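This report introduces a single protein chain to a reader who has not met it before. Please keep the sequence and the structure in view while reading.

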Amino acid sequence: MKRIRRRPAAPGRSSGTSRNYFVLATLLIPVVVILIAFQPDEPPVVSSTNPYDGAPPIRLASLEDLPPPPPALERVIEVGEGDTLDGILRDGGLEPAEIVQIADGLTDIFDPRRLRIGEQLRFAYDADDRVDAVTLRVRGWGEIVGSREGTNFRVEAKEAVKWSRDVLVEATIDTTLYDALIAAEASPALIDSLYEVFQWDIDFFRLQRGDWFRFVVERQFAGEEPSGWGRIDGALFHHQGVTYEAFRGEGPGEVEGWYTRTGSPVRKQFLKAPLKAPRITSGYTKRRFHPVLKTWRPHLAIDYGAPTGTPVMTTASGVVTFVGRGRGEGNYVRVRHNLKTETYYLHLSRFADGIRKGTKVEQGDVIGYVGATGLATAPHLDYRVRQDGRFINPLELRSVTPDPLSGRQLATFLASVEKLLPVLDRPVEPGDELEGTHLASIATR
């Protein structure tokens, strides 16, 4: 009879292990039953932050297998130096025939030559990556939109809403009036406006460091963008220790002019100078070495250096008594203002249109242009004043002030000035620095 041999137990295990497992399983059965019995009716909701839970395995693809990117829906091209409208439209993706349609439609509304650096053209695209619309945003004006309609483009203007508000501009002069206006976030074009306000009292060539100005001016907007500057309503200008003031008002004959806060006219019979912001190159003197004749002789005038072609204004209203040429004077004009006073304007390059003997001129009218005719070594204006038969220093010429406002005109004027005084009359001590770059709204129109 064959005898069956038992396999020896594995190291570390006994022959009673099977019996142990059986006993353990028997004990766990009630626990499992109890857990099952206490499960809720609905399975618990399990949330996961892993987006790949349950996703199929990811297959690495080559670049050729990837789908093409979606077309760009919008693109903005900013006008740069040397850019043309046609070139920008081509860069935006328009076909030649479409460019012609857009350009023709634009020129009916806007001169493409007025495109300025920094202005933007916005291109919108459809699902086929075709240009669906082109929008030209014109700073300070609005928008011009070209929209696709089938194979054509319809161009229409969307002009922005125009509005304005009064702002306060103020600064202290450190170098030049130009730099001071830039520091005050204002336009250099306001130099002309300031000259028109204070041309009877201030020689703008003699501005000094520490002079300051403060004025209320209309700021113009198109939509949300600034579009320009309007008129000055009131101003203070501190120059060489004296503070000059001027407020816009309506005088006799409903003619606007400049007045002090009490209604006295700022306007004088004579302007301080016949040029805007002039540069004095030679003063009035009884003894000067003549640069052409090379001899000492009187210089009974003020010489203002300026480029050829600079407009020359008559300093007071009057009648032209001479237009012609002299040996030393070159081309010159003489104007009589009253029985006692005449002014002379020498070395002109040419005369203004319509200026001839007997012409009536108003203060500030252009009568000629700076030149270097006659005995002159460089372009300049020789300005002379003859009073009671003799030449006097033009800088010492006394002006007659017109009559002040009165009655209803004065009452209306004072009411308008009262609104500006709280803003313009803040205390300023000598040497104090103003806020410089301050530009604050004081009213909304």
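## Terms and model

Two strands are said to pair if DSSP finds at least two bridges between them. The model described here is a predicted one, and the features below should be read with that in mind.

## The chain as a whole

The chain holds six helices and 23 strands, and buried residues make up 38% of its 445 residues. The exposed area comes to about 27500 Å², of which carbon and sulfur atoms supply 53%.

When contacts between residues at least 6 apart in sequence are considered, 62% of them join residues that are at least 24 apart.

## An open sheet of five strands

Five strands, in the order S1-S2-S3-S4-S5, form an open sheet whose pairing is antiparallel. Strand S1 (74–78) and strand S5 (152–159) stand at the edges with a single partner strand each, so one side of each is left without a neighbour in the sheet. From one strand to the next, the twist averages 15°.

Within this sheet, strand S3 (residues 131–138) and strand S4 (residues 142–149) run antiparallel and are joined by six bridges, and Leu-136 stands opposite Ile-144 in S4. Helix H3, which covers residues 96–107, lies across S3, S4 and S5, and the helix runs at about 30° to S5.

## The hairpin of S8 and S9

Further along the chain, strand S8 (residues 225–239) is joined by six bridges to strand S9 (residues 242–250), and these two strands run antiparallel. Which residue of S9 is the bridge partner of His-238? The partner is Thr-243.

The hairpin that S8 and S9 form has two residues between the strands, and Gln-240 takes a positive phi near 50° there.

## The hairpin of S9 and S10

S9 also pairs with strand S10 (residues 256–259), in the antiparallel sense and over four bridges. In this pairing, Arg-248 stands opposite Trp-258, a residue of S10.

These strands, S9 and S10, form a hairpin with five residues between them, and in its turn Gly-253 has a positive phi of about 75°. S9 is thus a shared element of the description, being joined to S8 by six bridges and paired with S10 over four.

Key. Residues are numbered from 1 along each chain as its sequence is written. This is a predicted model: local features need pLDDT of at least 70, side-chain atom pairs count only at pLDDT 80 or more; totals for chains, interfaces and linings use all residues. Side-chain values use heavy atoms; hydrogens and water are left out. Buried means under 20% relative accessible area, exposed over 50%, partly exposed in between (1.4 Å probe, protein chains only). Contact means heavy atoms within 4.5 Å. Accessible areas come from the Shrake-Rupley method with a 1.4 Å probe; for residues, only the protein chains shown count as cover. Axes are lines fitted to C-alpha atoms, for helices over the stretch in contact, and angles run from 0 to 180 degrees between N-to-C directions.
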